[in-house]
Amino acid sequence: QKQEVCGNLTLQHHMLEPVQRIPRYELLLKDYLKKLPEESPDRKDAEKSLELISTAANHSNAAIRKMEKMHKLLEVYERLGGEEDIVNPANELIKEGHIQKLSAKNGTAQDRYLFLFNSMVLYCVPKLRLIGQKFSVREKMDIAGLQVQEIAKQNVAHTFSITGKKRSLELQARTEEEKREWIQVIQATIEKHKQNSETFRAFNSSFSQEEEHLPDSSIGSTSSVESMPGADGAAAFGGSDSCRKSSKSKRDKEKQACKSCSESFNSITKRRHHCKQCGAVICAKCSEFKPLADTSRHNRVCKECFLQLPASPCSPGLEPGPEHKKRLAAEKQSILAAENSLFSSYLQFLEKGKTWYKMWVTIPKTEPLVLYLQGSSQDGRSPRPIPLPGYEVTLPGSGEKFEVKHVFKLCQSHQTLYFSAEDEELQMKWMEILTKAARGDTEDAAEGLGNP
């Protein structure tokens, strides 16, 4: 910056120059082609150059939009106090704003706040704090199965309702225009979600029919898609309304009782689950069989499918014992092993209190912006994910004293996570890759870094 050749410009100004050159070259090439004769020998090269620079401009704009979308999610995540894990590349914030909720008891209006995403609606209660206004999530409503409609109430204007699978809300906007905008945006989001679900269903059905080794693949694929969040039950079937109604009523009848024990479902003590192999609707007791290393609810299967699976990790019909749980933990650790990670090692971890815990810490190749923590005594439970964008990676302050050595920390909003490495070299490597991941730099995040 002090050199005369730089014209007293700051580093930020010089870094902006390459970004500005891309659209500038595109405009110059367009003007050049307008004045270039059709028979010119440079015509073909100029057109190819314009195509290349246009591709680069689109790529740059897409990267900027993607980063802006992630920053919006991070802002909402902090405003929610970290209550909801919404920082996901698949999530998109569509609309947010204040709304009035009409009480079902006395009809009084209560101040609320809505966050509309492409896959869900967060119904929140504002919280006034000294550091600014934040929100507490009162209800999370999936877009799948959501309905929005205008309602007419006496002595209350600008009202509409949102009805989900578990709850219905009567809301009031400030103006008629604001009410119409909310209804239109929510309805458009629902329709787009239905279209995406139909596309996925069609692809999944055609793909499953090609699997010759599964005799009932088409039925299994339909059932498995129904079990997935975001799949709309009536959207997959074409034809007349009567066909859709009969198919829907048949599926509803099948879902009223467990396939295995035939007991009726209810929302408290007998909840629905889906077998991840055949898609059958079963209860929790009949879906306790978890053949994969990840023993979360996403891997539940029915007893029939569990018995048919090759090399089942535990004996049929028996609960997993301590040895099996240790084995599951080892399998999960192997999934997050060095060969599947950008970087991984054992570190000492401290979040609250004074007790340090030894954790297996890894950044998977498939998720280069997420840090996973796996404790040695978690008995096969899923590792804890930490989305890295927005975190600051630093050394402890002068007032922070620890008994262990080689400590570094991750800071975001009011959350601070401490890590301790075995030596200084490992500490520096972790700080380097975490700093790059926190900036969203995935291209060369692990360049020059080898797993210890």
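Biologist: Which helix holds R21 and E17, and how many residues apart are they?

Modeller: Both R21 and E17 lie in helix α1, which covers residues 11–35, and they are four residues apart, about one turn of the helix. Helices here are DSSP runs of H or I with at least four residues, strands are runs of E with at least two, and both are numbered from the N terminus. This is a predicted model, in which local features need pLDDT of at least 70 and side-chain atom pairs count only at pLDDT 80 or more, whereas totals for chains, interfaces and linings use all residues. Residues are numbered from 1 along each chain as its sequence is written, and side-chain values use heavy atoms, with hydrogens and water left out.

Biologist: What makes the pairing of R21 with E17 a salt bridge?

Modeller: The term requires a side-chain nitrogen of Lys or Arg within 4 Å of a carboxyl oxygen of Asp or Glu. The closest N and O atoms of R21 and E17 are 3.9 Å apart, and therefore the pair meets the cut-off. The structure holds 16 salt bridges.

Biologist: Why is R21 called partly exposed?

Modeller: Buried means under 20% relative accessible area and exposed means over 50%, with partly exposed in between, using a 1.4 Å probe and protein chains only. R21 has a relative accessible area of 38% and E17 has 27%, so both residues are partly exposed.

Biologist: How do you know that E425 and K429 form a salt bridge, and is each exposed or partly exposed?

Modeller: The closest N and O atoms of E425 and K429 are 3.7 Å apart, which satisfies the salt-bridge limit. Both residues lie in helix α8 (residues 424–438), four residues apart. E425, at 52% relative accessibility, counts as exposed, whereas K429, at 24%, counts as partly exposed. Elsewhere, salt bridges that share partners join E150, E176, K179 and R180 into one network. Within that network, E176 and R180 meet at 3.9 Å, N to O, and are separated by about one helical turn in helix α3 (residues 176–209).

Biologist: Why is E26 called buried or exposed, and what joins the side chains of E26 and S54?

Modeller: E26, found in helix α1, has a relative accessible area of 16%, so E26 is buried. The side chains of E26 and S54 are joined by a polar contact of 3.1 Å; such a contact is a pair of N or O atoms within 3.5 Å, where within protein one must be able to donate a hydrogen and the other to accept it, and residues adjacent in sequence count only if both atoms are side-chain atoms. Leaving aside neighbours within four places in sequence, E26 is in contact (heavy atoms within 4.5 Å) with L50, I53, S54 and A57.

Biologist: How do you know that β1 and β2 pair?

Modeller: Two strands pair if DSSP finds at least two bridges between them. Nine bridges join β1 (residues 93–102) to β2 (residues 109–117), so these strands pair, and they run antiparallel. L93, for instance, stands opposite F117 in β2. The two strands form a hairpin with six residues between them, and G107 in the turn has a positive phi of about 75°.

Biologist: What makes β13 and β14 edge strands?

Modeller: Seven strands form an open sheet in the order β13-β12-β11-β10-β16-β15-β14, with antiparallel pairing. β13 (384–387) and β14 (392–394) are its edge strands, since each pairs on one side only.
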